[in-house]
Amino acid sequence: MPSTSPSTTAATTLATAGRAPGAAATSPHAYDAGLLLLRVVLGLIMAAHGSQKLFGWFGGGGIDGTGKFFEMKGYPAAKAMAVVAGLTEAGGGIALAIGLLAPLAAAAILGTMINALVVTWSGSFFAMKGGAEYEYLLIAAAAALALTGPGRYAVDRYLPVVRSHRLSYGAGAVALGLVTAGLVLLVRS
């Protein structure tokens, strides 16, 4: 008999609460499939961005180009920061895509994207005017995945400590991402 995670049990309970007798129940697998889709897309986008920074793939600047950009934006040890940003994006993205330590992977993406938001934002909302709508979307998606957990189609499902996601794990991961982003921003000149 397959077991269900607390998040899918809660989702099923919420989906069936208040419905008319005889109405069809929402499948908990639908929630898990939605989380899988969001995780894979966000994770692969971030892994691609990280590979731009690390290897210069997909038209990226590699370590040297990213380091120069970071130096221009006031980060100390710009090349080292480029490596950290690239590893955070690539590693966090891959881990999130496969659902490995998903709350921490989402926190890594959240912290990196908060830095990207602060550094690149021009005061406008829309990207075509130098705005940050894209960064806001990635931040929200990462925070949502940290809070909800990866769903049942994830490597985390096979790890005893994180098998059953708890809101406290997600909230702690979001707090970690926020604090880390804040500390990195404080070292900028």
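Biologist: How do you know how confident the predictor is in the protein as a whole?

Modeller: This is a predicted model, and its pLDDT averages 87, with 86% of the residues scoring at least 70. On a scale that runs from 0 to 100, confidence is highest in helix α4 (residues 78-98), at a mean of 97, and lowest in helix α1 (residues 6-16), at 49.

Biologist: What makes residues 10-16 a stretch to treat with care?

Modeller: Over residues 10-16 the pLDDT stays under 50, and the model has 5 contacts for them beyond four places in sequence. Where pLDDT is low, the predicted coordinates should not be read in detail.

Biologist: Which elements make up the pattern along the sequence?

Modeller: The pattern reads α-α-α-α-α-α-α, in keeping with a count of 7 helices and 0 strands.

Biologist: Why is Leu-104 called partly exposed?

Modeller: Leu-104, which is found in helix α5 (residues 102-120), has a relative accessibility of 48%; buried would require under 20% and exposed over 50%, with partly exposed in between, so Leu-104 counts as partly exposed.

Biologist: What makes Leu-104 eligible for a nonpolar patch on the surface?

Modeller: Patch residues need over 30% relative accessible area, and Leu-104 is at 48%. Leu-104 forms the nonpolar patch with Ile-94, Ile-98, Leu-100, Leu-101, Val-155 and Leu-176, and together they have about 570 Å² of accessible area.

Biologist: How much area does the protein expose, and what share do carbon and sulfur atoms supply?

Modeller: The protein exposes about 10100 Å², of which carbon and sulfur atoms supply 73%, while buried residues make up 39% of its 189 residues.

Methods: Residues are numbered from 1 along each chain as its sequence is written. This is a predicted model: local features need pLDDT of at least 70, side-chain atom pairs count only at pLDDT 80 or more; totals for chains, interfaces and linings use all residues. Side-chain values use heavy atoms; hydrogens and water are left out. Helices (H or I, at least four residues) and strands (E, at least two) are DSSP runs, numbered from the N terminus. Buried means under 20% relative accessible area, exposed over 50%, partly exposed in between (1.4 Å probe, protein chains only). Accessible areas come from the Shrake-Rupley method with a 1.4 Å probe; for residues, only the protein chains shown count as cover. Contact means heavy atoms within 4.5 Å. Patches are made of residues with over 30% relative accessible area and no salt bridge: like charges are joined within 9 Å, nonpolar side chains (Val, Leu, Ile, Met, Phe, Trp, Tyr) within 5 Å. A salt bridge is a side-chain nitrogen of Lys or Arg within 4 Å of a carboxyl oxygen of Asp or Glu.
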